[in-house]
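Got the viewer open and a hand on the mouse? Let's take a walk through this one, stop by stop.

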Amino acid sequence: MDKDEPTAQDIAEMSEAERGQWFYDNREQVATDATRTALDRVVSVRVSPDDLGVLVAAAEAVGMKLSAWLRKVGLEAAATAPSSPPAAVLSGSETRQLQDSVHNIVALLERSGIRVDDPPSESAQSLVLRSSHRGRKKKTKAEK
């Protein structure tokens with residue numbers, strides 16, 4: 001490596017504009033040194049004229065072509081996106097069913113004297129949920 005050539009760390013610390021300019025200025029050497037990745041797939045995206053203007057301006061601001069900039073920001077977004085889907089996505093009918101169940105539980109609690117919309121007071125009843133497992137707990141040596 002040439003002593004004037006920046007390290008990967010140096011490149012990572014450059015601003016987008018500096019990095020874009022460095023790669024542009026050294027494009028022949030970078031092309032010779034790097035193994036080309038086949039970019040043979042095309043993705044079409046529909047945008048409004050105003051959105052296109054915003055995207056082009058953002059790419060130009062960092063010295064990149066629109067295609068390269070879109071690929072870069074798209075891959076960055078994909079790399080930082082949550083790796084798992086949401087825990088649950090409910091349909092409209094499932095949401096209504098869940099709401100009905102919650103209303104039924106609230107009504108049951110209120111019939112039992114437990115108000116769920118009031119802040120708890122010192123004399124308020126506590127709600128104890130018990131496990132459906134009816135097995136006996138083994139006593140430890142200290143409890144015997």
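**Stop one: a helix crossing**

Select helix α4, residues 49-61, and helix α5, residues 66-80. Keep in mind as you look that this is a predicted model. The two helices pack at an angle of about 90°, and their axes sit 9 Å apart. That angle makes α4 roughly perpendicular to α5.

Now show the side chains where the two helices touch. From α4, pick Leu52, Leu55, Val56, Ala58 and Ala59; from α5, pick Leu66, Trp69 and Leu70, which they meet. Which classes of residue make up this contact of α4 with α5? Color by class and you'll get eight nonpolar residues, with no polar and no charged ones.

While α4 is still selected, try a quick length check. At 1.5 Å a residue, its 13 residues should span 18 Å, and the end C-alpha atoms are indeed 18 Å apart, so the two agree. Then step just past the end of α4 to Gly63, which takes a positive phi of about 70°.

**Stop two: Ala59**

Go back into helix α4 and center on Ala59. Is Ala59 buried or exposed? Ala59 has a relative accessible area of 1%, and anything under 20% counts as buried, so Ala59 is buried.

What does Ala59 touch, leaving out residues up to four places away in sequence? Select Met64, Lys65, Leu66 and Trp69 and you have its contacts. Next, add Ala17 to the view: it is 42 residues away from Ala59 along the chain, yet the C-alpha atoms of the pair are separated by 9.8 Å.

**Stop three: the loop before α2**

Move to Ser15, in the loop between α1 (8-13) and α2. Ser15 is partly exposed, at a relative accessible area of 35%. Draw a distance from its C-alpha to that of Val62: the viewer should give 8.3 Å, although their positions lie 47 residues apart in sequence.

**Stop four: the salt bridges**

How many salt bridges does the structure hold? There are three, and you can visit each of them from here.

Start with Glu16, which is partly exposed with a relative accessible area of 26%. Arg19 forms a salt bridge with Glu16, and the closest N and O atoms are 2.9 Å apart. Both sit in helix α2 (residues 16-25); they are three residues apart, so about one helical turn separates them.

Keep Glu16 on screen and add Lys72. This pair also forms a salt bridge, with 3.4 Å between the closest N and O atoms. Lys72 belongs to helix α5 and Glu16 to helix α2, so the pair ties together parts that are 56 residues apart in sequence.

From Lys72, look along to Glu76. Their side chains meet in a salt bridge too, at 2.7 Å from N to O. Glu76 and Lys72 are four residues apart in helix α5, so they too are separated by about one helical turn. As for how open it is, Glu76 is partly exposed, with a relative accessible area of 41%. Select Glu16, Arg19, Lys72 and Glu76 together: salt bridges with shared partners join them into one network.

**Stop five: α6 and what follows**

Now pick helix α6, residues 92-111. Its 20 residues, at 1.5 Å each, should span 28 Å; the end C-alpha atoms are 29 Å apart, which agrees. Just after α6 you reach Gly113, where phi is positive at about 90°.

Carry on to Val116, in the segment after α6. How much of Val116 is accessible? Its relative accessible area is 44%, so Val116 counts as partly exposed. Val116 touches Val106, Leu109 and Glu110, not counting residues up to four places away in sequence. Val106 is ten residues from Val116 along the chain, and their C-alpha atoms are separated by 6.9 Å.

**Last stop: zoom out**

Show the whole protein chain as a cartoon. You'll find six helices and zero strands, which read along the sequence as α-α-α-α-α-α. Color by burial next: buried residues make up 8% of the 144 residues in the chain. Finally, turn on contacts between residues at least 6 apart in sequence; 17% of these join residues at least 24 apart.

Methods: Residues are numbered from 1 along each chain as its sequence is written. This is a predicted model: local features need pLDDT of at least 70, side-chain atom pairs count only at pLDDT 80 or more; totals for chains, interfaces and linings use all residues. Side-chain values use heavy atoms; hydrogens and water are left out. Axes are lines fitted to C-alpha atoms, for helices over the stretch in contact, and angles run from 0 to 180 degrees between N-to-C directions. Angles under 35 degrees count as roughly parallel, over 145 as roughly antiparallel, 65 to 115 as roughly perpendicular and the rest as oblique. Contact means heavy atoms within 4.5 Å. Ala, Val, Leu, Ile, Met, Phe, Trp, Tyr, Cys and Pro count as nonpolar, Asp, Glu, Lys and Arg as charged, and the others, Gly among them, as polar. The expected span of a helix is 1.5 Å times one less than its number of residues. Buried means under 20% relative accessible area, exposed over 50%, partly exposed in between (1.4 Å probe, protein chains only). A salt bridge is a side-chain nitrogen of Lys or Arg within 4 Å of a carboxyl oxygen of Asp or Glu.
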